[in-house]
Amino acid sequence: ANLGNFGGAISAVANSRVTFGPGTDVHHNIAAALGGGLYIAAGSSVYARGRLFIRENRAASGGGLFARGGHTEDHEHAPSQDHDADVVFEDGVEVRGNIATNGGGGMHLAGSTVALRGNVTME
């Protein structure tokens, strides 16, 4: 398990871009504050397609993922209709079994945009 205040596994800040390929498993991480698995700050983005698992992470808010306001100027991998999305999940992404003591067990969005397409599971 990984431990942190913002993003137990990954903290994306300062206009960062995170792209996950198939078969990525973000699990059993803990954030004391925000984003047990992933913390995405304003201006940063995350894109995932196919078999990304965000599971069994814990945080005060956003057990699986916390995304804080703002947007990037472009997403080179995202479909054209979603240029303003902070979080894009497609085809086979699973967010399950995450826990937040305040809000957003799976995801907590604070002024952010999310696009969920295809076979995306949230439970």
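**Exercise 1. The nonpolar core**

Task: In this predicted model, find which residues of the largest nonpolar core touch the most other members, and which elements give two or more residues to this core.

Solution.
Step 1. The largest nonpolar core has 17 residues. Phe20, Val46, Leu52, Ile54, Leu65 and Phe89 touch the most other members.
Step 2. Turn to the elements. Strands E3 (17–20), E6 (38–40), E7 (45–49), E10 (65–68) and E11 (87–90) give two or more residues each.
Step 3. Take Leu52 as one of these core residues. Set aside residues up to four places away in sequence; leucine 52 then touches Phe20, Thr24, Val26, Phe89, Gly92, Val93 and Glu94.

**Exercise 2. Serine 112**

Task: Decide whether serine 112 counts as buried or exposed, then list what its side chain reaches.

Solution.
Step 1. Place the residue. Serine 112 sits in the loop between strand E14 (107–110) and strand E15 (114–117).
Step 2. Apply the cut-off. Buried means under 20% relative accessible area. Serine 112 has 17% relative accessibility, so it counts as buried.
Step 3. Look for polar partners. The serine 112 side chain reaches the backbone oxygen of alanine 67 at 2.9 Å. The side chain of serine 112 also reaches the backbone nitrogen of arginine 68, at 3.4 Å.
Step 4. Add the wider contacts. Beyond four places in sequence, serine 112 is in contact with Ala67, Arg68, Gly69 and Asp86.

**Exercise 3. Isoleucine 10 and asparagine 29**

Task: Work out how isoleucine 10 and asparagine 29 are classed by accessibility, and find the separation of their C-alpha atoms.

Solution.
Step 1. Locate both. Isoleucine 10 belongs to strand E2 (residues 10–12). Asparagine 29 lies in the loop between strand E4 (25–27) and strand E5 (30–34).
Step 2. Class isoleucine 10. Its relative accessibility is 25%, so isoleucine 10 counts as partly exposed.
Step 3. Class asparagine 29. Its relative accessibility is 3%, so asparagine 29 counts as buried.
Step 4. Read the separation. The two residues are 19 residues apart along the chain, and their C-alpha atoms are separated by 9.5 Å.
Step 5. List the contacts of isoleucine 10. Without neighbours within four places in sequence, they are Val18, Phe20, Gly37, Leu38 and Tyr39.
Step 6. Do likewise for asparagine 29. Not counting residues up to four places away, asparagine 29 touches Ala1, Asn2, Gly8, Ala9, Gly36, Glu56, Asn57 and Arg58.
Step 7. Finish with a polar pair. A polar atom of the asparagine 29 side chain lies 3.1 Å from the backbone oxygen of histidine 27.

Technical notes. Residues numbered from 1 in each chain as written. Predicted model: local features only at pLDDT ≥ 70, side-chain atom pairs only at ≥ 80, totals over all residues. Heavy atoms only, no water. Core = buried A, V, L, I, M, F, W, Y, C linked by side-chain atoms within 4.5 Å. Buried < 20%, exposed > 50% of the residue type's maximum accessible area, 1.4 Å probe, protein only. Helix = DSSP H or I, 4+ residues; strand = E, 2+ residues; numbered from the N terminus. Contact = heavy atoms within 4.5 Å. Polar contact = N/O pair within 3.5 Å; in protein donor to acceptor, adjacent residues only side chain to side chain.
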